[in-house]
Amino acid sequence: MSSQPHIALPWVVRRTRLPLLSLRCVDCPSRSATTGKGRFRVNANGKLLDVWLLVRCVSCDRTSKLTVHERAPVRSLDPALLDGYYANDPTLVAATLLDPQFARRLGLALDWQGAWQLDAPPARLDEAWPWHVAVDFEAAVPIRPDRLIAQGLRLSRNEVLRRVKCDISLRRHTSVGFTFIVMTKVSTY
Ligand SMILES: [Zn+2]
């Protein structure tokens, strides 16, 4: 058979909401918190500012304050940034929560389950093999390629490992675009 130029199926990973945070609640057994609509609290003390991101326990609604800036000289903060904190700017809420240094400094993990979706054209299993798929990330959502591909193709993860050729590790989280090839199921000569 002549080889045809393959057109890669476009898959897109989109963020549907902000991830939850792993945060032990002091009032109930829950270990999960949400930024909800996103609120900051700013406290000015002379020329020093404290800024917190407020999060709520997903179970009992208790509010916790996560330090964004602690005793920061007012002049050290960009006025536009400060306005964003006062206005509870949703973009700034997202940027704060998703800043890896913020989570690392506070020892928090982000829980992305249910916070993203895969937009993929329907798979046609009768079409010519092998398939090429190009995965693009609209937002930096860390996913495991084997799980994403299993979901997108409705295959078991074992089948994904057998049939998918990919230039990155299928089991390591990524949030950078990649491509893969799906090989045909069984030889039927
Ligand atoms: Zn709670």
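Student: What percentage of the 189 residues of the chain count as buried?

Tutor: In this predicted model, 37% of the 189 residues count as buried, and a residue earns that word when its relative accessible area is under 20%.

Student: How do you know that the chain is more spread out than a compact globule?

Tutor: The chain has five helices and ten strands. Its radius of gyration is 22 Å, whereas the globule rule gives 16 Å for 189 residues, and because the value is well over that figure, the chain is described as more spread out than a compact globule. The box that the C-alpha atoms fill, taken along the principal axes, is roughly 80 × 40 × 25 Å.

Student: Why is Arg24 called exposed?

Tutor: Exposed requires a relative accessible area over 50%, and Arg24 has 59%, so the residue counts as exposed. Arg24 sits in the loop that runs between strand 2 (20-22) and strand 3 (32-45), and, once its neighbours within four places in sequence are set aside, its contacts are Ser30 and Arg31. Its C-alpha atom is separated by 41 Å from that of Val182, a residue 158 positions away along the chain.

Student: Ser30 is found in the loop between strand 2 and strand 3, so why is Ser30 called buried?

Tutor: The limit for buried is under 20%, and Ser30 has 11% relative accessibility, so Ser30 counts as buried. Residues that Ser30 touches, not counting those up to four places away in sequence, are Leu23, Arg24, Cys25, Cys57, Val58 and Ser59.

Student: What makes Cys25 and Cys28 buried or exposed?

Tutor: Each value is set against the limit of under 20%: Cys25, at 13% relative accessibility, therefore counts as buried, and Cys28, at 18%, therefore counts as buried too.

Student: How many disulfides does the structure hold?

Tutor: The structure holds zero disulfides, where the term calls for a pair of cysteine sulfur atoms within 2.5 Å.

Student: Why is Thr35 called buried, and which residues does Thr35 touch?

Tutor: Thr35 lies in strand 3, and its relative accessible area is 6%, so, with the limit at under 20%, Thr35 is buried. Leaving out residues up to four places away in sequence, Thr35 touches Leu18, Leu21, Leu53, Leu54, Val55, Val93 and Leu97.

Student: What makes helix 4 mostly covered?

Tutor: Of the nine residues of helix 4 (residues 145-153), seven are buried, namely Pro145, Asp146, Leu148, Ile149, Ala150, Gly152 and Leu153. The elements that cover these buried residues include strand 1 (9-15), strand 7 (116-119), strand 8 (131-137), helix 5 (157-163), strand 9 (164-166) and strand 10 (178-182). Just after helix 4 comes Arg154, whose phi is positive, near 55°.

Student: What percentage of the contacts with a separation of 6 or more is between residues 24 or more positions apart?

Tutor: Such pairs account for 64% of those contacts in the chain, where contact stands for heavy atoms within 4.5 Å.

Student: How many positive and negative side chains does the chain have, and what does the chain expose?

Tutor: The chain has 27 positive and 17 negative side chains, and the centres of the two sets lie 6 Å apart. The area that the chain exposes is about 12000 Å², of which carbon and sulfur atoms supply 50%.

Methods: Residues numbered from 1 in each chain as written. Predicted model: local features only at pLDDT ≥ 70, side-chain atom pairs only at ≥ 80, totals over all residues. Heavy atoms only, no water. Helix = DSSP H or I, 4+ residues; strand = E, 2+ residues; numbered from the N terminus. Buried < 20%, exposed > 50% of the residue type's maximum accessible area, 1.4 Å probe, protein only. Rg over C-alpha atoms; globule rule 2.2 N^0.38 Å. Areas by Shrake-Rupley, 256 points an atom, 1.4 Å probe, with all protein chains shown as cover. Lys, Arg positive; Asp, Glu negative; His and termini not counted. Charge placed at Lys NZ, Arg CZ, Asp CG, Glu CD.
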